[in-house]
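Here is a short tour of one protein chain, written for reading alongside the structure. Please have the viewer open so that you can click through the residues as they come up.

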Amino acid sequence: MLTRKQLELLDFINRRVQRDGVPPSFDEMKEALDLRSKSGIHRLITALEERGFIRRLAHRARALEIVKLPDAMEAPGFSPRVIEGGESDARRPSSQAQVDAVDLPVMGRIAAGVPIEAISLESHRVAVPGTMLSGKGSHYALEVRGDSMIEAGINDGDVVVIRESSSADNGDIVVALVEDQEATLKRFRRNGSSIALEAANPAYETRMYRDDQVKVQGRLVGLIRTY
């Protein structure tokens, strides 16, 4: 499992390599991650190298090579867009984001683990930037409980932003309603008349259902993390 900063750095390096053909400089990485010194970048790169995500190439400028990417970055259905801050910040946008902030209803809790009782009642509201919202559909938010999606960058206590949808593509992270009773947050896979709800944590097994047992309630488009 990668930390948030490790994932941010890997994503930044990958995007720059795809765009420019070479990795960014250490100064560019420091600025992109808002770190005070390049020593923090060195520590992050060492951690990514130890975990097998990047490789340093000897005797070359900007000598970094992407070896692999985590599932959360490879999957076509999810590109994490995260807001971070204190608890008060989660419910009140910053002055820079106030212009396009949108209030969304928080519709209770969603299990990133074993399915829990289906959610349907608004508990409170949360402000999110309009740029986080995807498409023209309605959106809502849910509080995450459980750790089954940690390798997709979704932690216990996060607030996920969901775009309402009754369909999903393979690889999407969705809110799935199981047998009209239990709701869970999982990666969606369809194989013929069967649907697999996959966790992003090896401690949890993939659950298989008939297609008439699962209803997609929405797709994940972002999340809010508080500390």
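Let's start with one residue: Glu-28 is partly exposed, with a relative accessibility of 27%. Its salt-bridge partner is Arg-16, and the closest N and O atoms of the two are 3.2 Å apart. Please keep in mind throughout that this is a predicted model.

**The chain as a whole**

- The chain is built from five helices and 13 strands.
- It has 227 residues, and 43% of them count as buried.
- Among contacts with a separation of 6 or more, 61% are between residues 24 or more positions apart.
- About 12300 Å² of the chain is exposed, with carbon and sulfur atoms supplying 45% of that area.

**Helix 1 and what follows it**

- Helix 1 covers residues 4-20, and at 1.5 Å a residue its 17 residues should span 24 Å; the C-alpha atoms at its ends are 24 Å apart, so the two values agree.
- The buried residues of this helix are Gln-6, Leu-9, Leu-10, Phe-12, Ile-13, Asn-14 and Arg-16.
- Polar and charged side chains are therefore found in that buried set too, with Gln-6, Asn-14 and Arg-16 among its members.
- Just past the end of helix 1, Gly-21 has a positive phi of about 85 degrees.

**Salt bridges among the helices**

- Across the whole structure, a search finds 12 salt bridges.
- One of them is the pair Arg-16 and Glu-28, with 3.2 Å between the closest N and O atoms. Because Arg-16 sits in helix 1 and Glu-28 in helix 2 (residues 26-32), this pair ties together parts that are 12 residues apart in sequence.
- Is Arg-16 buried or exposed? Arg-16 has a relative accessible area of 13%, which is under the 20% cut-off, so this residue is buried.
- Asp-27 forms a salt bridge with Lys-38, where the closest N and O atoms are 3.7 Å apart. This pair links helix 2, which holds Asp-27, to helix 3 (residues 38-50), which holds Lys-38, and the two residues are 11 apart.
- Both partners count as partly exposed: Asp-27 has a relative accessibility of 45%, and Lys-38 has 39%.

**The loop between strand 8 and strand 9**

- Asp-169 forms a salt bridge with Arg-219, and their closest N and O atoms are 3.6 Å apart. Arg-219 belongs to strand 13 (residues 214-226) and Asp-169 to the loop between strand 8 (159-164) and strand 9 (173-178), so the pair ties together parts 50 residues apart in sequence.
- Arg-219 counts as buried at 17% relative accessibility, whereas Asp-169 is partly exposed at 47%.
- Which residues are linked with Arg-219 in a network of salt bridges? They are Asp-169 and Asp-172.
- Asp-172 lies in this loop as well, and its relative accessibility of 5% makes it buried.
- The side chain of Asp-172 reaches the backbone nitrogen of Asp-169 at 2.9 Å.
- Asp-172 and Arg-187 are 15 residues apart in sequence, with their C-alpha atoms 5.5 Å apart in space.
- Ser-165 is another residue of this loop, and it is buried, with a relative accessible area of 16%.
- A polar atom of the Ser-165 side chain lies 2.8 Å from the backbone oxygen of Ser-167.
- Leaving out residues up to four places away in sequence, Ser-165 touches Val-216, Gln-217, Gly-218 and Arg-219.

**Nonpolar cores**

- The largest nonpolar core contains 19 residues, and those with the most contacts inside it are Ile-110, Leu-142, Ile-154, Val-160, Ile-162 and Leu-185. Strand 4 (101-111), strand 7 (139-145), strand 8, strand 9, strand 10 (182-191) and strand 13 each give two or more residues to this core.
- Val-160 is a good residue to click on: beyond its neighbours within four places in sequence, its contacts are Ile-110, Tyr-140, Ala-141, Leu-142, Val-144, Ile-154, Leu-185, Leu-220, Gly-222 and Leu-223.
- Apart from the largest core there is another one, of 15 residues, including Leu-2, Met-29, Leu-33 and Leu-48.

Notes:
Residues are numbered from 1 along each chain as its sequence is written. This is a predicted model: local features need pLDDT of at least 70, side-chain atom pairs count only at pLDDT 80 or more; totals for chains, interfaces and linings use all residues. Side-chain values use heavy atoms; hydrogens and water are left out. Helices (H or I, at least four residues) and strands (E, at least two) are DSSP runs, numbered from the N terminus. The expected span of a helix is 1.5 Å times one less than its number of residues. Buried means under 20% relative accessible area, exposed over 50%, partly exposed in between (1.4 Å probe, protein chains only). A salt bridge is a side-chain nitrogen of Lys or Arg within 4 Å of a carboxyl oxygen of Asp or Glu. A nonpolar core is a set of buried Ala, Val, Leu, Ile, Met, Phe, Trp, Tyr and Cys residues joined through side-chain atoms within 4.5 Å. Contact means heavy atoms within 4.5 Å. A polar contact is a pair of N or O atoms within 3.5 Å; within protein, one must be able to donate a hydrogen and the other to accept it, and residues adjacent in sequence count only if both atoms are side-chain atoms. Accessible areas come from the Shrake-Rupley method with a 1.4 Å probe; for residues, only the protein chains shown count as cover.
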